[in-house]
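The following paragraphs lead the reader through one protein chain and its two ligands. The sequence and the structure are shown first.

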Amino acid sequence: MSAQPTFLDTIRPHLPQDQLHAQTLEVIQVNLGLRCNLECQHCHLGASPRRSESMDQAVMERILALVAASGCRTVDLTGGAPEYHPLLRPFIERLSALQVAVQLRSNLAIFMETDESIASLPAFLRAHQVTLTASLPCYLPQNVDAQRGDGVYQQAIAALQRLNQLGYGLHSNLPLNLVYNPGKAHLPPSQRRLQEEYRRVLRQEHGIEFHQLFTMTNMPIGRFLADLRRTGTDQQYDQLLRDSFNPATLAALMCRTQISIRWDGALFDCDFNLALGWQAAVPEEACQPRYDPQRLAQRAVVTGKHCFACTAGCGSSCGGALAA
Ligand code: SF4
Ligand code: SF4
């Protein structure tokens, strides 16, 4: 059997250059740490309640300097559960002072924890007009609980209702977006149609409102890959992603406009390369003592076969589908 073409070989005929390059630095994604209240089946980061990795103040200062120097549009806070980070509030306050849009990725269930520092967080986020992008892998309880654990769906619904009471999902300055990913080894359905379906069910059954739904393709890395291997479907899934290659997704690949920064300050082209530990092709002198925004925005992107998940069908990114 002949070897499968690499991702770069596949996309090269569609690129103006021989290599995939970043083009700008619009979004800085910050992974604050790996501690999470959940331990989801599909988690590509292996986050869990037992992880303790956490960003320190010195790395946050370098990020704040990068935000100020780069003129980036958005800072996207993620984890683990970023809500657990002890410096989350002062970090958001300082980002807000830099006039940058702040987005926080939440699994929702965490907002139902009784600890006062977590319970009072939604009101703080509202005060700073932080965009909430929340994972809800399905609108049906059985599918969410199968991926995330028993009772997680009900916690997520209660959290969404509480966020609606605060105005999230209802007002344009308090965006509440949801993220779907398939429960199994298939591509997401049409984002537009699924958004309509989510809206109908969540509104009718629970009185919940949200702004947008983002569909994401499961990355064949981390726990999801382990699951594919366990069920003997890893090669089939790899072939599905390759067969579904869509060149119309290339212009919008998120690695072209953003960078991901790990809790220890290391740089990655995206959250998926971060999960794999594949660092961005940026020399040390462009990272220390400060990140150099020009060099970050012009780097060549490190690719691998998992990248086919971003270009399959309508494409996939942390902001949902990439092509109609
Ligand atoms: S997928 Fe998200 S919510 Fe689930 S364990 Fe990973 S970081 Fe936590
Ligand atoms: S996995 Fe990361 S590096 Fe690969 S195409 Fe997707 S965003 Fe770009």
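**Strand 1 and its surroundings**

In this predicted model, Ile28 of strand 1 stands opposite Ile259 in strand 7. Strand 7 comprises residues 258-261, and its pairing with strand 1 is parallel and extends over four bridges. Ile28 also stands opposite Val75, a residue of strand 2. The chain passes from strand 1 to strand 2 by way of helix 2 (residues 57-70), and the resulting β-α-β crossover is right-handed. Strand 2, which spans residues 74-78, pairs with strand 1 in the parallel sense, here over five bridges. A further pair of facing residues in these two strands is Val27 and Thr74.

How enclosed is strand 1 by the rest of the structure? Five of the five residues in this strand, residues 27-31, are buried, so strand 1 is largely enclosed by the rest of the structure. The burial applies to both faces: Val27, Gln29 and Asn31 are buried on one side, and Ile28 and Val30 are buried on the other.

**From strand 2 to strand 3**

Strand 2 is mostly covered, with four of its five residues buried. Strand 2 also runs parallel to strand 3 (residues 101-106), to which four bridges join it. Val75, the residue opposite Ile28, stands opposite Val102 in strand 3 as well. Between these strands lies another right-handed β-α-β unit, made by strand 2, helix 3 (residues 88-97) and strand 3.

**The chain as a whole**

The wider setting of these strands may now be described. The secondary structure of the chain amounts to 13 helices and eight strands. The radius of gyration is 19 Å, close to the 20 Å that the globule rule gives for 324 residues, so the chain is as compact as a globular protein of that length. Along the principal axes, the C-alpha atoms fill a box of roughly 55 × 45 × 35 Å. Of the 324 residues in the chain, 46% are buried. Among contacts between residues at least 6 apart in sequence, 73% join residues that are at least 24 apart.

**A buried glycine in a loop**

Burial is also found in a loop: Gly169 lies between helix 7 (152-165) and strand 5 (176-180). Is this glycine buried or exposed? Gly169 has 21 other C-beta atoms within 10 Å and is therefore buried; the threshold for burial is 20 or more. When neighbours within four places in sequence are left aside, the contacts of Gly169 are Leu163, Asn164, Leu176, Glu209, Phe210 and His211. Gly169 and Cys287, by comparison, are 118 residues apart in sequence and 37 Å apart in space, C-alpha to C-alpha.

**The two ligand shells**

Which residues surround each ligand? Around ligand 1 are Cys36, Leu38, Glu39, Cys40, Cys43, Leu45, Ala47, Gly79, Gly80, Ala81 and Asn107. This shell divides into seven nonpolar residues, three polar residues and one charged residue.

Ligand 2 has around it Leu253, Met254, Cys255, Asp269, Cys270, Phe272, Asn273, Val301, Thr303, His306, Cys307 and Cys310. The shell of ligand 2 consists of eight nonpolar, three polar and one charged residue.

Note on methods
Residues are numbered from 1 along each chain as its sequence is written. Chains are lettered from A and ligands numbered from 1 in the order in which they are written. This is a predicted model: local features need pLDDT of at least 70, side-chain atom pairs count only at pLDDT 80 or more; totals for chains, interfaces and linings use all residues. A residue is near a molecule or strand if its C-beta atom, placed from the backbone, lies within 6 Å of it. Ala, Val, Leu, Ile, Met, Phe, Trp, Tyr, Cys and Pro count as nonpolar, Asp, Glu, Lys and Arg as charged, and the others, Gly among them, as polar. A residue is buried if 20 or more other C-beta atoms lie within 10 Å of its own, exposed if 12 or fewer, and partly exposed in between; C-beta atoms are placed from the backbone. Two strands pair if DSSP finds at least two bridges between them. A crossover is right-handed if, with the strands pointing away from the viewer, the path from the first strand over the helix to the second runs clockwise. The radius of gyration is taken over C-alpha atoms; the globule rule is 2.2 Å times the number of residues to the power 0.38. Two residues are in contact if their C-beta atoms, placed from the backbone, lie within 7 Å.
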